[in-house]
Amino acid sequence: MVDGASLERLLVHGPPPPDPWETARKILAERREFGITRLGSVTELDRVGIPVAQVVRPMSRSVTVNQGKGLTFPQAAISGLMESLEGWASERIPQERVEFAELMAMNKEGYWSHLLPQRDCNETLAWIEGWDLFSHRPIYVPLALVDTAYTMPSPHPRWLPRNTTGLAAGTSLQQAIMHASLEALERHARCAAMKMPHFFDRYQLDSNSVRTRTAAAVVERLVSAGFAIGIWSIPTEHDLPVYWCHIMESDRKAPLAPWPAEGFGCDVTHDRALTKALLEACQSRLGVISAAREDIAASQYGYQSTSELAAWRRQLSIQGLPCLPADQLTSVRGSAQKALDALRVAGATAVIVVILFSDESIPLHVVRVVTPPLETNPEYNSGR
């Protein structure tokens, strides 16, 4: 296990990313250990052509089918494999890493006060040790905020939130922690956006004004395939951009998936954040079209009101505020510190890293980053 000081050095000086195909081959060589039975492409099920991979892990204790996306199939394949392995690692936390203690005894500094269903709650909970990148010391985290073993009955009290925010895998610890931190920022921003009056009217951008390298190429591909694109910039307290995107087929052909698919992205540049959001929207469509994910509600497949679809298509066609030009993009240098600074500004009192799996021979690293007291569960916020 990496100690705290080594963890912080790795966060600053991460290794260059390896070849995605080579990493995928090494993961698949261990597929029996990981429980993976299939890696395949579902790209051609849709009209867009953005590469989307599907990974099947039948014995999962959460979802059995994960997806990954990218600008090339190797990128999509490693993205899907990493998504699946996040669940694998977070379902199998060794019992020797778990401690049991009363909540009040572990909450003397108030990190977990926002979780309490009532002021005098003092249940005995399962805990796991992590490393706080703000205070540079170990802090214990409720295991319910870290594991994803969604068994019945639950091993954790029902009032403790359970989701996958901050669960991330990468080919280095730096990459995994960065991915997890950016996801926490993105989901915190989503929670805020869902509370903003008239958000979709006030913060929509003009998709025709996208001129930022990779994002512009994805927009052009979607437009060529006959899609309407909606882009919203979520206002935040920090400097990192967060985008919310919808893509939707035109009414010129029978739709493969009628409702708009959505995607989100946060990163250190506008191009990277917007590209993430657009690619995630493409992936979301294929989750519905492939009909392989057990976490997609039946309403996504049923009859859709033509008037509602037309109204939302008109919303996407609105030419809103111009997107930022390329010369206003920030540098990716110092990305890790930018993410930590943004979390602090957003209101996090700690950024606690729990390392769940590390194997440099692949290389593969899985972490959970917990950022109390940030609200990072949009599904809970929306009442779903």
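Contact here means heavy atoms within 4.5 Å. The model is predicted. By that criterion, and leaving out residues up to four places away in sequence, Leu364 touches Phe34, Met82, Leu85, Ala169, Gly170, Phe357, Ser358 and Asp359.

Leu364 also stands out in the largest nonpolar core. This core has 42 residues, and Ile27, Phe34, Trp112, Val141 and Leu364 touch the most other members. Both helices and strands supply two or more residues each: helices H2 (20–29) and H4 (73–91), and strands S4 (98–102), S5 (124–132), S6 (137–142), S7 (167–170), S13 (352–359) and S14 (364–370). H4 gives the most, with six residues. Another core lies apart from this one. That core has 40 residues, including Trp131, Ala184, Phe264 and Leu309. In soluble globular proteins, nonpolar side chains tend to be buried together.

Aromatic contacts were examined next. The structure holds 13 aromatic pairs. Trp21 and Phe73 form a tilted pair, with 6.0 Å centre to centre and 55 degrees between the planes. Trp21 lies in helix H2 and Phe73 in helix H4, so this pair ties together parts that are 52 residues apart in sequence. Trp21 is partly exposed, at 35% relative accessible area. Phe73 is also partly exposed, at 25%.

Phe34 and Phe357 form an edge-to-face pair. Their centres are 6.3 Å apart, and their planes meet at 85 degrees. Phe34 belongs to helix H3 (residues 31–34) and Phe357 to strand S13, so the pair ties together parts that are 323 residues apart in sequence. Phe34 is buried, with a relative accessible area of 3%. Phe357 has a value of 19% and counts as buried, because the cut-off is under 20%. Both rings are also among the residues that Leu364 touches.

Ring pairs further link Phe199, Phe200, Tyr203, Trp232, Trp244, Phe264 and Trp312 into a cluster. Phe264 also has a charged neighbour: Arg190 lies over its face, at 3.7 Å from the ring centre. Arg344 is placed likewise over the face of Phe134, at 3.9 Å from the ring centre.

Arg344 falls within the range of helix H11 (residues 335–346). H11 has 12 residues and reaches 16 Å from its first C-alpha to its last, close to the 16 Å expected at 1.5 Å a residue. Its buried residues are Ser335, Ala336, Ala339, Leu340, Ala342, Leu343 and Ala346. They cover an arc of only 160 degrees around the axis, which puts them on the same side of H11. Gly347 follows the helix, with a positive phi near 120 degrees.

Terms used:
Residues are numbered from 1 along each chain as its sequence is written. This is a predicted model: local features need pLDDT of at least 70, side-chain atom pairs count only at pLDDT 80 or more; totals for chains, interfaces and linings use all residues. Side-chain values use heavy atoms; hydrogens and water are left out. Helices (H or I, at least four residues) and strands (E, at least two) are DSSP runs, numbered from the N terminus. The expected span of a helix is 1.5 Å times one less than its number of residues. Buried means under 20% relative accessible area, exposed over 50%, partly exposed in between (1.4 Å probe, protein chains only). The arc is that of the directions from the helix axis to the C-beta atoms. A nonpolar core is a set of buried Ala, Val, Leu, Ile, Met, Phe, Trp, Tyr and Cys residues joined through side-chain atoms within 4.5 Å. Rings of Phe, Tyr and Trp (its six-membered ring) pair if their centres lie within 6.5 Å; planes under 30 degrees apart count as stacked, over 60 as edge-to-face and the rest as tilted. A charge sits over a ring if NZ of Lys or CZ of Arg is within 6 Å of the ring centre and within 35 degrees of the ring normal.
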